[in-house]
Amino acid sequence: MHVVVCIKQVPNTTEVKINPETNTLIRDGVESIINPFDENALEAALVLKDKTGCKVTVLTMGPPQAEAALREALSRGVDDVVLLCDRAFAGSDTWATSYAIAQAIRNLEKADLILFGKQAIDGDTAQVGPGVAEMLDLPVITYVRKLEVEGDKVKVERVFEDGYERMEVPMPAVITVLKEMNVPRMASLKGRMRAKKAEIKMLTAAAINADPEKVGLKGSPTRVVKIFSPPAKMGGMKIEGGEPQEMADVLVSKLRERKII
Ligand SMILES: Cc1cc2nc3c(=O)[nH]c(=O)nc-3n(C[C@H](O)[C@H](O)[C@H](O)COP(=O)(O)OP(=O)(O)OC[C@H]3O[C@@H](n4cnc5c(N)ncnc54)[C@H](O)[C@@H]3O)c2cc1C
């Protein structure tokens, strides 16, 4: 069995700053980490490897510095890593990102299970996992907290706001995972030494036979017209005590004061 895990390197903050002129992320001066949900996807793959001896490949699309995320994955025990890196990918929206990742997976050894985090903490769209599944014409199950492989099927628990459902899907399949799935392991010293020396496989757009019209800004149907932070909410006001009529009078006078009515 071959498990592919897609991980994204993200800034270590949920308060992403945006360049107002280019509408792109400002990454300078912010430490980069593996997207937290992807850590759980990675751990799920390593647990499967411990149980079944399956092969685990980790893939990321990003700038050359995303290599650090792949070395971290290697140090935890994955078999192979791939960095999709090319200027042609710059400015890709979720559609173009999904296309590039799908193309890369097509060019790897056949994948039986493709794992993603629930969402990235910077882009936050949760679109890339389902996007890749659609492009590869594979079934997808999102928001998974438990996963087991039985024969050629994956059995999962998929979480809702008020409960969960048990589902099974034939492989190959795409799964996106939640934090509840597991606790990611630490790398061993031996793993760190191996990761330090490892050569990172870099693939360009040409190497994965990507159509140049479908990647990067050119291949991105989304246009970011404006990005802004919503204004901070004003503190509320409590009207306490008194008869209902008195309280209603206070409320009306306050609303008039603020020119709301
Ligand atoms: C018009 C436009 C232009 C953009 N330009 C830029 C830009 O110039 N620079 C920039 O940094 N961002 C840019 N973005 C943001 C970029 O498109 C998204 O970061 C990217 O598509 C992933 O979407 P997301 O962060 O919402 O991930 P989600 O869909 O929330 O991620 C879900 C899961 O998919 C996987 N995943 C996501 N991204 C990757 C990846 N790159 N490699 C491997 N696995 C991945 C992970 O498992 C992750 O948990 C742009 C977006 C738009 C709309």
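These are my notebook entries on a predicted model of a protein chain with a ligand.

**Conventions**

I number residues from 1 along each chain as its sequence is written. Because the model is predicted, I accept local features only at pLDDT of at least 70 and side-chain atom pairs only at pLDDT 80 or more, while totals for chains, interfaces and linings use all residues.

**Overall form**

I looked up the secondary structure and found six helices and 13 strands in the protein chain; helices (H or I, at least four residues) and strands (E, at least two) are DSSP runs, numbered from the N terminus. I then checked the radius of gyration, taken over C-alpha atoms, against the globule rule of 2.2 Å times the number of residues to the power 0.38. The chain gives 23 Å, well over the 18 Å that the rule predicts for 261 residues, so it is more spread out than a compact globule. Along the principal axes, the C-alpha atoms fill a box of roughly 75 × 45 × 40 Å.

I counted a residue as buried if 20 or more other C-beta atoms lie within 10 Å of its own, as exposed if 12 or fewer do, and as partly exposed in between, with C-beta atoms placed from the backbone. On that basis 34% of the 261 residues are buried. I took two residues to be in contact if their C-beta atoms, placed from the backbone, lie within 7 Å. Of the contacts between residues at least 6 apart in sequence, 69% join residues at least 24 apart.

**Ligand shell**

I listed the residues near the ligand, that is, those whose C-beta atom, placed from the backbone, lies within 6 Å of it. There are 35 residues around the ligand, and Asp93, Gly117, Gly123, Thr125 and Val128 come nearest. The elements that each supply at least two shell residues are strand E4 (24–25), helix H1 (36–52), strand E6 (55–61), helix H3 (94–106), strand E8 (113–117) and helix H4 (128–136). By class, I recorded 13 nonpolar, 16 polar and six charged residues in the shell. For these classes, Ala, Val, Leu, Ile, Met, Phe, Trp, Tyr, Cys and Pro count as nonpolar, Asp, Glu, Lys and Arg as charged, and the others, Gly among them, as polar.

**Helices H1 and H4**

I checked the span of H1: its 17 residues reach 25 Å from the first C-alpha to the last, close to the expected 24 Å. The expected span is 1.5 Å times one less than the number of residues. The buried residues of H1 include Phe37, Leu42, Ala45, Leu46 and Leu48. Just after H1, glycine 53 has a positive phi of about 75 degrees.

In H4, I found Val128, Gly129, Gly131, Val132 and Ala133 buried. Their cover includes H3, E8, strand E9 (140–150) and E12. Aspartate 137, just after H4, takes a positive phi of about 55 degrees.

**Strand E8 and its partners**

I found five of the five residues of E8 buried, so this strand is largely enclosed by the rest of the structure. Leu113, Leu115 and Gly117 lie on one side, with Ile114 and Phe116 on the other. I treated two strands as paired if DSSP finds at least two bridges between them. E8 runs parallel to strand E1 (residues 2–6), with three bridges, and valine 5 stands opposite leucine 115. E8 also runs parallel to strand E12 (residues 173–177), with five bridges; there, leucine 113 stands opposite alanine 173.

**Strands E9, E10 and E11**

I traced an antiparallel pairing of E9 with strand E10 (residues 153–160) over six bridges. Two residues separate E9 and E10 in a hairpin, and glycine 151 in the turn has a positive phi of about 65 degrees. E10 in turn pairs with strand E11 (residues 163–170) in the antiparallel sense over eight bridges, and a hairpin joins E10 to E11 through two residues. Arginine 166 in E11 is the bridge partner of glutamate 157.

**Two single residues**

Valine 56 lies in strand E6 and counts as buried, with 24 C-beta neighbours inside 10 Å. Beyond four places in sequence, its contacts include Val3, Val5, Ala45 and Leu46. Aspartate 79 is 23 residues from valine 56 in sequence and 5.4 Å away, C-alpha to C-alpha.

Isoleucine 141 lies in E9 and counts as buried, with 22 C-beta neighbours inside 10 Å. Not counting residues up to four places away, isoleucine 141 touches Val156, Arg158, Met167, Val169 and Ile175.
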